[in-house]
Each structure stands twice: as C-alpha cells, then as structure tokens.
There are 2 protein chains.
Amino acid sequence: MNSLECPKASLARRLNNFSGSVARDILSRTQNKEIISFAGGLPDASLWEDLVLPTVPPAAYQYGPSEGEMPLRQIMADRASAFGLDAEASRTLITSGSQQGLDLAAKLVIEPGTPVLVEAPTYLAALQVFQLFEADIQSLPLDTEGIDAAVLDRYLEQTKAPLAYLNPSFQNPSGCCYSLERRREIAEVLDRHATILLEDDPYRDLSYESDAPPPIASFLKNTPWIYLSSVSKTLIPGLRLGSLICSEELFPSLLKLKQAADLHSNRPAQFIATELLSDAQKNAERIEKLRSHYQQKRDLMESTLRADFKSLADWKKPSGGMFFWLTLKDRVDLSETLEECLKQNVAFMPGSPFFAHKNDHPCCIRLNFSLVSREKLENGTRVISRVIKSQSGYYSK
Amino acid sequence: MNSLECPKASLARRLNNFSGSVARDILSRTQNKEIISFAGGLPDASLWEDLVLPTVPPAAYQYGPSEGEMPLRQIMADRASAFGLDAEASRTLITSGSQQGLDLAAKLVIEPGTPVLVEAPTYLAALQVFQLFEADIQSLPLDTEGIDAAVLDRYLEQTKAPLAYLNPSFQNPSGCCYSLERRREIAEVLDRHATILLEDDPYRDLSYESDAPPPIASFLKNTPWIYLSSVSKTLIPGLRLGSLICSEELFPSLLKLKQAADLHSNRPAQFIATELLSDAQKNAERIEKLRSHYQQKRDLMESTLRADFKSLADWKKPSGGMFFWLTLKDRVDLSETLEECLKQNVAFMPGSPFFAHKNDHPCCIRLNFSLVSREKLENGTRVISRVIKSQSGYYSK
C-alpha cells in the first residue's frame, strides 16, 4: 500500500512491504474455469461426498469463550499429547485456522525490525504476516533433514532472533520432514538462545510412509513455544478452525490477543468439529482413508513427473503433505511460464513467493497433488513440462 | 504483558499497555453460577428457542474466498444501501464479527504514536485494539446528540488524527444516538481534515422509538471510510460474522489484511447466515419481534431504575441498543461495589474501562438489559443500588 493506491488517507507503514498471497491471486484468476490447478493446497472434495455435518445445538448460538469450546480444546490437546507434546487443554486456544495462530504469534513478538528466523523456502502466508509486522526476516536453507542446527546456532548468535518459525513435518512447500536427530539438535539450540519456537504442523496426519517424529516443541526444556495445528487438511477447511497450544507463560497474552482479534471463533463450527472428532476410532479410520487416497495421488504424480520432468528438474518424493517441490535445472522466467500455462488451462505455483529474499534462490515450482483428479493430473503436468521446455530452449540443445 | 509474566521471552512492546476485557473477566468469573448479570452485552437466548439452523451444503466445506461468500456480501451491502450508505458488494468484506473489522482497521492505519480520535465513553474492545497497536488515543466527550463538531474540528486541527472511531447509533456504552444534524456536521469536519472514519454500527436495528439517522459515512464526500456491521445483535452472535464496507481506495489493503489474519471466515456460518437473512420479509418480522421484546425489557429497567436509582444517578433512557449508562451523583469505589454485588450474585460493568484516560471521567456504571430475565431484573438492580447506598453513606445523609 502506498500513496498511489490511497492518495487521501494516511496509512500505517506496515503496509509498505506487505504483499498479497500469490496463491490466492492465481486462485481468483482461475475460478469458474475448467482449469487443472496444481497451484493451491486444497483438499480433495471427493473425500467429503458422504460427509453430512452434524446439527448445531442452540447452545452454540450465544457468544462463547475466547479460548474456544472446552471439549474441542481437550480433543486438540489430547491429540498433541499422543505424539509427545507437553499439551494441556488449559493452554490450548481454538483459532480461526492456523493462519490466525500466525497473526497472534506475530502480534506477541514482532516489532518493526525484530529478526525472525524462517526456513528457505517457507510457507508464503507466514512470510506475509511477518512482513506485515515489519520483521527483519532471516532465512536458513533446508536440506533433506531440515535446517542445520550448527548453522542455526551461529545465526541466532549473530541475530539474537527472538522467534523461529519452523514447519518441520512435510513442509509446505518443500515436503521436507525433519529427522528425529535434527529435531533434538534444533531444540537444544533454541533452548540455549531462549528463542521462541513457532512450530506450524498442519500436515502431520498426512504421512504416507511412516509417522513424523514428535514435534520439535516436545524436546524443548527452557524456551517458550507455540504449536499450531489445524483441522483444514484432515477434516474440513471451510470450518476455519485451528488450535494453538503453547507453553504456560505465553498463554495469558495470546488469549487476550485472540479476544481483541475476534472475541472468539465461530461456535457452530466448533460444535461440528467436536462432534466429528470425538469418536477416536472413526476419526482414525477417516484419516487412514485420507492417507491412502492422497498417497495414490502422490505416487501417480511421481510417475508422471518421472516421465515429463526428469530432464527438467530435481525433486525428492515427499513422504507426506500435499506438494512436490521441483528445482529446475535451467533458469526460466516462471511468470512467463505461468501465463502460458494459464492460457492452456493449467495452474501451478512459482517458487519465489516461498523465499523471504527475492533474488537469492534457485528456480523452483510447487505442484499440489491433493486437488486435481487422477484423470487430469497427467495432462496437467505434461502441459507445464512442455511450456518449460519451449522456454528454456530444451529442444534446441 | 511484561518481563514478570514471561521472563524468558522477548515480547513485542505493543503488549505493554494492552489490557484484557473487563467484561470478559467478569463473564469468566460469573460463569456456571446463578448470577444476575447486567455486565455483558449478550442477546436474550429465549429469542432463539424456535430457531433451527439450516443445514450446510458440502460446497461450504472447501477453502473459500477471503472476501466472504458473495450472496452474503450482497445482503449486507443491500442492507446498508437501504439506509443510505454508498455500499456495494464488491467493497464488502465478511469478517469474523465486527471485532475483526476493528483489528483490520487498526492494522491499516495505526502505528505506534498515531493519534486516534474516540468518544468518551467508547466501546471498550475498540480501546483494547487501539492500545494494542500503540495508538495515541484522544477522546471527545459525548453530549446527548453526539460529539461536538466544532470541538472535533479543533481537535483534528491540533492532533492531525488520521482515524476517528465513532459508534453513533445507540452507542455502547452510553446509548447515545447522534442527531441527523450532528452527523452532517461531523462528516463535513472529517472531510475537511481527510480523517478516515471508522464507523461501528452494530446496534442500528435495535431501535425502540424511531430509526437511527443514516450513517455518518453516508454524508462523506471526500475522506475514506470503513463501516462495520454485525449479525451478532440481531441474528446469532455465535456465528461470529460481521461485515466491513469501505470506500474504494481502502478495499484492496483491507482484503489483503483479512487474508493474512485468517484466510477467510468460516463458511458454514456464512451459508447459515445467508439462508437466514435472504428472506427479507421474514427477516423484517424477526427484527420487529426482537425490537418489541427488548423495548419491553428496556422499559422495565427504566421503571426499576426510577424506583431504586433516582437519588443515586442520572441517566437518559436509551432509544435503542442494549444498555443503560448511569452517572453516579456521589463518587464511590466501583471495584468495591462490584465485589460486594458479585457476592450477592449480581454483576454490572464499572464505567472506567470505557474511557481512554483512566482518571479523568465521572463515576459511571453500564447496565445491560437484554440478557437478564424480567423476573430477575428488578431484584438485580435493587441489589446494586443498596450496595452503592451503603458505600456512599447515602443513608447517613
């Protein structure tokens, strides 16, 4: 935002470097079209065909607690406890999606110029929030096991960053799942620097080989932490429900921030989620079905990519989540690639919005495999590969 | 928040002067008790006894647009157009309650030290948000017709405040409804200073004598404006739905801010609200019933206050909204009054949280009349009056 867009009003400086979401821009350009979209991170709606939402009792009509409904807080805390986190319902906040958790955490810690550590690449909507609060964003490269603990140590020594944002389980966009060893090492480094960990974990349940190791937050002994989870990937995104679990000292402030943001999250959705999640057996079966469905789609995309992209890009088959992350061998103008693909009714996400520093990264694309039907998946990747080949002069080599 | 509450973490300065909501503190202390509460601003749940929520179609399960569902945006824009606002669905954003509208507006304009003009008294949750964003809050006294336009003019001349927050129709807490003349004068002053108007209008439909004049925003010719509305007071608060309508230049930034805050509001609630509000005739009947119900409660409170408070306080019978605002004739320690009343199972809101500047205001209390049953209303006000009388030494005079 600047004087050009709003000549009359005096707006806050925080809008200067605040960018919209590229994914949502592409989404709005591709709506109501017969398009094959690998661009977003939308769940497969065919999984809900039989799902009828429970009715909402009149008890849910009145204003409710800012913390969220206790039965749902308990379910989210129990779930996190089961994979090793020191979680309690009393320190669990129901949020409007995990996106709201990012907003609350940013309000809690970030002032103009506050150094915040992120992964390269990282979740673009988190970058958006940190930029909005004028953080000085520092990023560390991801290798196959996560960020490097020794490098993290040096970075925190230099920057004194009070906040590290990590997405260690089947990361969006890279698909990376931090190893157990790396998680322990990183926790130790964060503890030593008293850096708050903001751990974003929406994809944990979408594992296709083995479960993700326990959250990094579960290994912390000293420093405060915030752990974000969501029902968007494994239940219903439209409910806009997530949970924020945190160490004790942060909870009172986060609760007040939640109250100031929206008083409380929508109660009908909380009653619906509680009803749907309260039968543990049924829920486990539902997630098993989801995993198997997405695993097949992932495997299909792996084989189409082997056919079309082998000479064009490198990638690692993701062991969970919703995305393939391709690093192109030749540098091409991806905005041009995208324009051409959109003309041919195919959408994907260019990699650059996932990096904090715009020019200092390889040429990558993110492909979502959860939404597109199996029938269209093969056609879609073929279109993208052909456009890239024509651009990079592949055929002339 | 400070180093005492969180010794290990480095938190943002914005938390230093950020207070929780007194109303919500009292609410949490009075939950699960047989208490007569005049403290909050909760609608009367007996009005929903026959209300069954419509079922939600699977179309609402997927991620949705940040702007909100178009049919609901259209309904909210049409409603605002009907009472004179220059409203269009394309400039209407569905928010998570009007509280989220306050958060988005604050992010748009307020930096540390930004002067923001408010009424004295004003809505306490707005003060909370403005304090969070470290505004330099300036307040102007309310008379029976609103704030004084000439005084506003001088204030804006001095402070150059880029934002004025006004709640001109049946204000919370004072019940004040700005006259038509005053609205026109204020709009002219705001236009002259290019001060953005943030107009909060959740009580408009709860009028008991005559309709409120058109919004102040409808008289603006030059300066940008944001107009907040809500379905909490006239439909179902638990849905957490509000709308933000604004002048054209502000919409792109507010949309991006919404996206960063929570991606979008919950869709099942938006489908439910659309279904419930789309029959204009039925909706008008429902609001008529609501008005008549609350009017009777207001009149009952007026007569009990005449009996119990005539010697203790001055007030103006509110012509809309949910509150009586009493200015006590003697100064008493209201925290002591509240403690004693809570022991006798009666709650009310002390007036001080509704003032930006803590010591520079009369001794007031806010009494909600929408929630308490008619049977208990009389007993409740009697308890409060007795406690005040015993404190202020009334009997000994």
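Is Lys160(B) buried or exposed? The points below take up that residue first and then move through the loops and helix pairs of this predicted model.

1. Lys160(B) is exposed, because its relative accessible area is 56%, and a value over 50% is what counts as exposed. The residue sits in the loop between α5 (149-159) and β5 of chain B. Its backbone also deserves a look, since Lys160(B) has a positive phi of about 55 degrees although it is not a glycine.

2. Arg240(A) can be read alongside that residue, for it too is not a glycine and has a positive phi of about 55 degrees. Arg240(A) belongs to the loop between β7 (225-230) and β8 (242-246) of chain A. Its relative accessible area is 3%, and Arg240(A) is therefore buried, the limit for that class being under 20%.

3. On the annotation of chain A, the UniProt record, an unreviewed entry, lists residues 62-382 as "domain: Aminotransferase class I/classII large". In the model, the C-alpha atoms at the two ends of this span are 52 Å apart, and the span is 41% helix and 17% strand.

4. Two cis peptide bonds should be checked by anyone who looks at the backbone. In chain A, the bond that joins Asn172(A) and Pro173(A) is cis, with omega about 20 degrees, and Pro173(A) is found in the loop between β5 (163-166) and α6 (180-193) of that chain. In chain B, the bond from Asn172(B) to Pro173(B) is cis, with omega near 15 degrees, and Pro173(B) is placed in the loop between β5 (163-166) and α6 (180-193) of chain B.

5. Thr122(A) connects with the previous point through its contacts. Setting aside neighbours within four places in sequence, Thr122(A) touches Leu127(A), Tyr165(A), Gln171(A), Asn172(A), Pro173(A) and Phe354(A), and two of these, Asn172(A) and Pro173(A), are the residues joined by the cis bond of chain A. Thr122(A) itself is in the loop between β3 (115-120) and α4 (124-132) of chain A, and its relative accessibility of 1% is why it counts as buried.

6. Leu263(A) is another loop residue of chain A, placed between α7 (251-262) and α8 (267-277). It counts as buried because its relative accessibility is 13%. Leu263(A) and Gly68(A) are 195 residues apart in sequence, whereas their C-alpha atoms are 9.9 Å apart in space.

7. The remaining points concern helix pairs of chain B. Two packed helices are described by the angle between their axes and by the distance between those axes. Helix α3 (residues 97-109) of chain B packs on helix α4 (residues 124-132) of chain B at an angle of about 30 degrees, and their axes are 10 Å apart. That angle makes α3(B) roughly parallel to α4(B), and α3(B) passes α4(B) in a right-handed crossing. On the α3(B) side the contact is made by Gln99(B), Leu102(B), Asp103(B) and Ala106(B), and on the α4(B) side by Ala125(B), Ala126(B), Val129(B) and Phe130(B). By class, these residues are 6 nonpolar, 1 polar and 1 charged.

8. Helix α9 (residues 280-308) of chain B and helix α11 (residues 374-392) of chain B have axes that come within 10 Å and cross at roughly 30 degrees, and the crossing is right-handed. From α9(B) the contact draws on His293(B), Gln296(B), Lys297(B), Leu300(B), Met301(B), Thr304(B), Leu305(B) and Asp308(B), and from α11(B) on Arg374(B), Leu377(B), Glu378(B), Thr381(B), Arg382(B), Ser385(B) and Lys389(B). By class, the contact of α9(B) with α11(B) has 4 nonpolar, 5 polar and 6 charged residues.

9. Helix α2 (residues 70-82) of chain B and helix α8 (residues 267-277) of chain B pack at an angle of about 50 degrees, with axes 9 Å apart. The two helices, α2(B) and α8(B), are therefore oblique to each other, and their crossing is left-handed. The residues that make the contact are Pro71(B), Leu72(B), Ile75(B) and Met76(B) of α2(B), together with Gln270(B), Ala273(B), Thr274(B) and Leu277(B) of α8(B). Divided by class, the contact of α2(B) with α8(B) has 6 nonpolar and 2 polar residues and no charged ones.

Definitions and conventions: Residues are numbered from 1 along each chain as its sequence is written. Chains are lettered from A and ligands numbered from 1 in the order in which they are written. This is a predicted model: local features need pLDDT of at least 70, side-chain atom pairs count only at pLDDT 80 or more; totals for chains, interfaces and linings use all residues. Side-chain values use heavy atoms; hydrogens and water are left out. UniProt positions are given in the numbering used here, feature names are shortened, and annotations may be inferred rather than shown by experiment. Helices (H or I, at least four residues) and strands (E, at least two) are DSSP runs, numbered from the N terminus. Axes are lines fitted to C-alpha atoms, for helices over the stretch in contact, and angles run from 0 to 180 degrees between N-to-C directions. Angles under 35 degrees count as roughly parallel, over 145 as roughly antiparallel, 65 to 115 as roughly perpendicular and the rest as oblique. A crossing is left-handed if the near helix is turned anticlockwise from the far one by less than a right angle, and right-handed if clockwise. Contact means heavy atoms within 4.5 Å. Ala, Val, Leu, Ile, Met, Phe, Trp, Tyr, Cys and Pro count as nonpolar, Asp, Glu, Lys and Arg as charged, and the others, Gly among them, as polar. Buried means under 20% relative accessible area, exposed over 50%, partly exposed in between (1.4 Å probe, protein chains only).
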